[in-house]
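Here is a short report on how one protein model is put together. Keep the sequence and the 3D view open as you read.

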Amino acid sequence: MTQSSRAGAVLVTGAAGFIGSHAAAALASTGRRVVGLDNLDPYYDPAIKRRNLSDLAAVSGFKHVEGDIRDRDLVRRLFRDERIDEVVHLAAKAGVRPSIEDPALYADVNVTGTAVLLDVAQRSGVRAFVMASSSSVYGARTDAPFRESDPPAVAISPYACSKQACELLGKTFAALHGMDVTALRFFNAYGPRQRPDMAIHKFSAQMLAGKPIPFYGDGSMRRDHTYVADVVAGVVRALDHAHGRGYRVYNLGNSVTVSLNDLVAALERVWGVRAVLEHLPASPGDVPLTCADGTLAADEIGYRPTTSLDVGVRLFAAWYQGLRT
Ligand SMILES: NC(=O)c1ccc[n+]([C@@H]2O[C@H](COP(=O)([O-])OP(=O)(O)OC[C@H]3O[C@@H](n4cnc5c(N)ncnc54)[C@H](O)[C@@H]3O)[C@@H](O)[C@H]2O)c1
């Protein structure tokens with residue numbers, strides 16, 4: 001059966017957000033009917049999310065519903081009325097530091113929201129359920145690369161803990177109900193529409209405004225930055241491969257690590273501006289390193305990221321400049 005001849009639709013939660021808006025467009029381009037669900041949560045300016053949605057308005061096969069993933073009645077109606085038969089669950093309270101301020105909210109949105117979606121999906125006969133997890137589930141380790149088969153780590157933020165809990169819920173639903181659930185561990189996604197609280201976006205905004213960058217720690221912290229088009233290609237592949245596979249978990253990283261100092265240097269080259277750093281102590285919840293082993297995702301779903309940080313940062317900069325003109 002071709003995708004366009006399917007009666008059902010894929011539900012993309014968090015479709016107004018950074019990764020979700022790209023994922024919704026990529027899924028629509030496969031011929032799927034795509035229904036977005038997002039409550040335009042105020043974690044960052046909802047006007048940015050409205051702009052993402054207005055970019056999506058031109059995408060054929062996409063429609064958006066504004067609402068909360070924890071609203072069981074709404075979710076139930078949506079699955080029935082839109083004949084949802086696949087789910088890509090990306091909605092969440094993102095961000096490590098704010099989760100330390102309000103752990104209950106992070107547990108409620110991320111864990112309760114995921115439980116509502118899994119439950120309604122299961123009762124509706126949905127089998128393929130792909131959801132966002134995070135490199136933060138690997139905890140504060142310094143040995144690399146991180147493999148999916150590594151023993152569970154101690155999460156060092158309520159956000160990371162909420163993602164571990166979502167993975168466990170997914171595994172439980174797969175075992176209990178025979179659902180096909182895939183958890184995708186994202187590693188610092190960046191590119192057009194990146195969240196304004198994330199390093200590449202935030203640092204660029206401060207540099208171009210001539211303001212100091214709040215710089216936590218000594219700059220030796222290393223991150224595996226993954227370009228959003230690569231991430232989203234992995235999301236589509238994961239959904240295509242989820243059917244009949246039970247519970248799976250994959251790293252979607254770039255497998256190249258860059259120190260915070262080198263990231264600032266790369267941004268200085270792109271913007272032709274010298275960064276001013278406001279040195280602050282390392283922030284609780286921040287892990288020293290993220291680094292994906294991409295072998296399992298390459299072998300099982302054919303995930304192969306192709307965008308280097310230099311290229312990706314230039315693509316981000318082109319988008320960011322477009323916003324300012
Ligand atoms: N961006 C990254 O590097 C990264 C890394 C690891 C994991 N993740 C995960 O990937 C997913 C997408 O992240 P993102 O960076 O695009 O974040 P984002 O904040 O841009 O997108 C999340 C979206 O979820 C929506 N949302 C929040 N609460 C909701 C609720 N109760 N009901 C409905 N919608 C709700 C928000 O309005 C937002 O548009 C999240 O699950 C995040 O935890 C992202």
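The report covers the sheet, then the helices, then the ligand.

Bear in mind that this is a predicted model.

**The sheet**

Start with the strands. In general, strands of a sheet pair through backbone hydrogen bonds, either parallel or antiparallel. Here, 7 strands form an open sheet, and the pairing is parallel. Their order is β3-β2-β1-β4-β5-β6-β11. The edges are β3 (62-66) and β11 (247-252), and each of these pairs on one side only. From one strand to the next, the twist averages 20°.

Now look at one pair of strands. β1 (residues 9-13) runs parallel to β4 (residues 84-89), and 5 bridges join them. Val-10 stands opposite Glu-86 in β4.

Which strands does α5 lie across? Helix α5 crosses over β1, β4 and β5. Its direction is at about 160° to β4.

**Two helix pairs**

The table sets out two helix contacts.

| Helix pair | Angle | Axis distance | Citation |
|---|---|---|---|
| α3 (residues 72-81) and α5 | about 35° | 10 Å | |
| α9 (residues 260-271) and α11 (residues 309-324) | roughly 50° | within 10 Å | |

Take α3 and α5. α3 passes α5 in a right-handed crossing. From α3, Arg-72, Val-75, Arg-76 and Phe-79 meet Val-116, Leu-117 and Val-120 of α5. By class, this contact has 5 nonpolar, no polar and 2 charged residues.

Next come α9 and α11. How do they lie to each other? Their axes cross at roughly 50°. The two helices are therefore oblique to each other. The crossing of α9 and α11 is right-handed. On the α9 side, the contact is made by Ala-266, Leu-267, Val-270 and Trp-271. On the α11 side, Leu-309, Asp-310, Val-313, Arg-314 and Ala-317 take part. This contact of α9 with α11 divides into 7 nonpolar, no polar and 2 charged residues.

**Around the ligand**

Finally, turn to the ligand. There are 30 residues around the ligand. Which come nearest? They are Gly-14, Gly-17, Phe-18, Ala-92 and Ala-132. Four elements give two or more residues to this shell: α1 (18-28), β2 (33-38), α5 (103-123) and β5 (128-134). α1 gives the most, with 3 residues. By class, the shell has 15 nonpolar, 8 polar and 7 charged residues.

Note that α5 has come up three times. It packs against α3, lies across strands of the sheet and gives residues to the ligand shell.

Technical notes:
Residues are numbered from 1 along each chain as its sequence is written. This is a predicted model: local features need pLDDT of at least 70, side-chain atom pairs count only at pLDDT 80 or more; totals for chains, interfaces and linings use all residues. Axes are lines fitted to C-alpha atoms, for helices over the stretch in contact, and angles run from 0 to 180 degrees between N-to-C directions. Angles under 35 degrees count as roughly parallel, over 145 as roughly antiparallel, 65 to 115 as roughly perpendicular and the rest as oblique. A crossing is left-handed if the near helix is turned anticlockwise from the far one by less than a right angle, and right-handed if clockwise. Two residues are in contact if their C-beta atoms, placed from the backbone, lie within 7 Å. Ala, Val, Leu, Ile, Met, Phe, Trp, Tyr, Cys and Pro count as nonpolar, Asp, Glu, Lys and Arg as charged, and the others, Gly among them, as polar. A residue is near a molecule or strand if its C-beta atom, placed from the backbone, lies within 6 Å of it. Two strands pair if DSSP finds at least two bridges between them.
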